[in-house]
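Hi everyone, thanks for making time for this. I'd like to walk you through a few side chains and their partners, so please have the picture in view.

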Amino acid sequence: MITAGIDVGSLTTEAVLLQDREILAYSIVKTGSRARLAAEQAFEEVLEKAKIKFSDVSFVVATGYGRMGVPFASRQVTEITCHGRGAAFLSPRVRTVIDIGGQDSKVIRLDEQGNVVDFLMNDKCAAGTGRFLEVMAQALELPVTALGEAEREARRAAEISSMCTVFAESEVVSLIAQGVPRAEIIRGLHRAVAARTTALVSRLGLVPEVMMTGGVAKNPGVVSALSEKLGVEIFVPPEPQIVGALGAALLAR
Amino acid sequence: MAVMEFRKFLRDLFEGEHRKRILSSPLTYQLVERALKLARGSFPSQASYMMARFALAQTGRAFSRRVPVVWTSAFFPVEIVWGLNLCPFSPEVAAAFLASLGFAEEALDRAEQAGYSRDLCSFHRLIAGAALLGYLPPPAALVASTHLCDGAPLLFQNLAAFFRVPFHVLDVPYRADRDAEAYVAEQLAELWRALADLAERKPEPAGLAEAIQNSNRFRANLLEVNELRCRVPAPVRGSEMLNYLYLFFAGQGSREAAEVFACLAREIGRGEREGKKEERFRILWLHLKPFYKGELMDFIENKSGAVLAFEEMSHVYWPPLSPGDPFPSLARKVLSHFCYKPLEARTATVKMLAEKYRVDGIVHFSHWGCRQSVGGSLMLKDALQRAGWPVLLLDGDCLDARNEATGGILTRVQAFLEILAERKNFRVGERHDHCRN
């Protein structure tokens with residue numbers, strides 16, 4: 001049986017095809033302004049990659065903030081349950097999942113069976129999310145995907161005192177004007193994200209092992225700052241962005 | 001006229017540049033009461049219809065200027081106001097009413113312009129703004145209790161200065177021993193005499209005894225309703241019970257408030273209240289709910305398959321009052337609130353309610369700015385989780401819709417229900433239109 005999971009996030013949409021608990025293919029596309037089109041595009045792309053037809057897929061589960069706008073989904077499941085399920089599938093020993101996405105961050109607690117037993121979600125403001133890093137990357141005239149690499153040259157971290165995206169951007173502009181090296185600013189930003197995420201993790205309670213999912217997990221600077229701050233090793237799967245869609249595909253039955 | 005249409009009727013009535021004049025005219029409430037009769041059949045029950053009529057009549061009375069109006073804070077023992085046949089007015093309930101009609105923003109903005117910080121509880125900000133806009137009946141006095149809400153005494157003091165009327169505070173110690181009881185009882189007796197002086201009336205013990213008896217009937221009838229609510233499926237929805245806020249905050253001591261719950265008990269007892277056919281999840285709801293028109297309560301009770309089986313507010317925590325010994329017994333009532341004790345008392349009460357009403361999970365609606373309720377919520381959650389109940393702390397705002405991100409709050413609730421579904425071995429996730437009934 002082939003199942004599919006579609007995760008419609010604020011910045012990207014992912015689709016995963018699963019057959020007998022093996023990933024057949026996955027796709028990642030920009031969400032843009034129309035979630036439904038993004039879902040269709042991601043699904044078409046993943047079908048093409050796997051060289052199968054829509055009718056070969058038995059069930060589709062949609063997740064993510066745009067989950068209600070996927071007309072071809074059999075069911076909708078929240079991204080919290082899906083990330084939990086996906087993380088437990090990839091590593092059954094995981095008890096804490098940290099998902100930093102485009103517009104929110106979540107901490108999810110799993111039990112020994114891989115079921116979600118508790119969670120916290122921060123979506124009140126952009127602080128500590130992928131959007132925060134995107135805005136800062138723009139101010140630094142870098143693509144957001146280059147931040148992790150660009151931090152490597154840093155000898156120290158610049159102090160970023162504000163957690164608010166708007167104020168932090170002003171701080172970054174001031175630091176650039178003061179001649180602070182870009183790498184140090186980036187390290188400061190990564191530490192700011194880590195501090196914000198640590199507060200959320202601490203509220204729920206840290207239980208190892210820890211997995212990080214979502215687009216921000218692709219940034220090694222954030223992962224290492226968070227690992228240092230939490231004092232634990234953080235496992236990042238090979239493609240952290242598809243964990244939600246993977247969980248959705250696992251739940252599709 | 002359906003209930004929603006009745007709300008629209010009220011909204012249309014109060015809409016526009018003459019809002020102040022219309023809101024503050026007693027004739028308005030006579031008109032609305034007549035309109036209410038047309039909508040009678042569409043109320044969820046005779047009890048809710050009676051409650052609406054009672055609240056409207058009292059609001060009209062408050063604007064009539066024929067009787068001194070006493071503003072009372074939530075949890076103040078309003079029996080002493082009824083015992084003098086004065087007109088109690090609960091600005092917290094008025095704030096919820098204005099928010100339900102969609103007029104919160106104007107009053108909140110007005111309060112913020114006057115310097116009330118947005119960090120404050122929106123009940124208090126909305127009251128301040130509505131008072132400044134002239135939407136509330138002018139008080140002859142304001143009385144506030146210090147227990148359970150430390151914002152209200154400060155706000156009331158401020159508003160007493162604005163209205164140039166007396167302000168009385170009931171200072172409630174944070175312990176429930178005999179000294180505390182005597183101290184509160186003495187203040188209540190003084191307050192009763194002071195309010196009688198204000199109205200130029202002789203304080204009549206018989207009047208107070210009648211109010212105490214009414215309050216006991218309210219208690220007994222509510223207890224009966226609560227026992228009947230143990231039935232599965234739940235015969236009354238929690239969101240409806242939370243609409244009886246007026247009775248809890250301003251009605252205790254009145255004949256009418258007692259009658260509303262007597263009527264509700266009869267309706268349930270006669271089987272006139274049918275629960276949901278499919279009750280997938282039974283929820284215990286802590287604290288209040290959003291009163292503005294939003295998606296949260298509609299989603300939970302109409303679309304998700306969940307039911308609010310019981311809510312903390314309806315729990316009868318106080319012993320019967322003594323008509324012959326009113327002030328000490330009212331003092332005992334005030335001092336016995338389980339939320340005005342170390343957190344263990346609230347935890348024990350919530351556990352008891354969770355067991356009694358056989359709930360699957362507990363939701364704490366964490367109202368923005370409510371230090372008393374939210375302050376201990378993490379520890380409460382921890383203790384309840386250790387006892388085996390899934391708990392969701394749902395950050396939101398009872399009145400200020402601007403503090404709510406609808407998508408986020410619904411995702412939290414859905415994710416919580418998915419946790420409950422997994423515990424009950426239900427299939428996780430549904431089509432969003434699946435559970436309508």
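Let's begin with A:K106, which is buried, with a relative accessible area of 4%. This is a predicted model, so please hear every value as computed from it. What does A:K106 pair with? A:D104 forms a salt bridge with A:K106, and the closest N and O atoms are 3.0 Å apart. A:D104 is buried as well, at a relative accessible area of 7%.

How many salt bridges are there over all chains? The count comes to 37. Let me show you some from chain B.

B:D12 forms a salt bridge with B:K8, and here the closest N and O atoms are 3.0 Å apart. Both residues sit in helix α1 of chain B, which covers residues 3-14. Because B:D12 and B:K8 are 4 residues apart in that helix, about one helical turn separates them. Buried or exposed, then, for B:D12? Neither: at 45% relative accessibility, B:D12 is partly exposed.

Next come B:E259 and B:R255, whose side chains meet in a salt bridge at 3.3 Å, N to O. Where do these two lie? Both are in helix α14 of chain B, 4 residues apart, about one turn of the helix. B:E259 is partly exposed, with a relative accessible area of 34%, and B:R255 counts as partly exposed at 47%.

There is also a network of salt bridges, and B:D109, B:E112, B:R125, B:D400 and B:R402 are linked in it.

Now to a glutamate, B:E240, which you'll find in helix α12 of chain B, residues 238-242. B:E240 counts as buried, at 11% relative accessibility. Its side chain is joined to the side chain of B:R273 by a polar contact of 2.8 Å. Which other residues does B:E240 touch? Leaving aside neighbours within four places in sequence, the contacts of B:E240 include B:P44, B:S45, B:S48 and B:L264.

My next stop is B:Q252, in the loop between α13 (245-251) and α14 (255-269) of chain B. B:Q252 is buried, with a relative accessible area of 7%. What does the side chain of B:Q252 reach? One partner is the backbone oxygen of B:F248, at 2.9 Å. Another is the side chain of B:K333, in a polar contact of 2.6 Å. Not counting residues up to four places away in sequence, B:Q252 touches a set of residues, among them B:V78, B:E79, B:W82, B:S215, B:F218 and B:W318. And here is one for following the chain on your screen: B:Q252 and B:V81 are 171 residues apart along the chain, and their C-alpha atoms are separated by 9.8 Å.

Last topic, the cysteines. A disulfide is a covalent bond between the sulfur atoms of two cysteines. How many disulfides does the structure hold? Over all chains, 0. Why does B:C263 have no such bond? The closest cysteine sulfur, in B:C230, is 20 Å from the sulfur of B:C263, so the pair is too far for a bond. B:C263 is buried, with a relative accessible area of 4%. B:C87 is another buried cysteine, at a relative accessible area of 0%.

That's my tour, and I'm happy to go back to any of these residues with you.

Conventions:
Residues numbered from 1 in each chain as written. Chains lettered and ligands numbered in written order. Predicted model: local features only at pLDDT ≥ 70, side-chain atom pairs only at ≥ 80, totals over all residues. Heavy atoms only, no water. Helix = DSSP H or I, 4+ residues; strand = E, 2+ residues; numbered from the N terminus. Buried < 20%, exposed > 50% of the residue type's maximum accessible area, 1.4 Å probe, protein only. Contact = heavy atoms within 4.5 Å. Polar contact = N/O pair within 3.5 Å; in protein donor to acceptor, adjacent residues only side chain to side chain. Disulfide = S-S within 2.5 Å. Salt bridge = Lys/Arg side-chain N within 4 Å of Asp/Glu carboxyl O.
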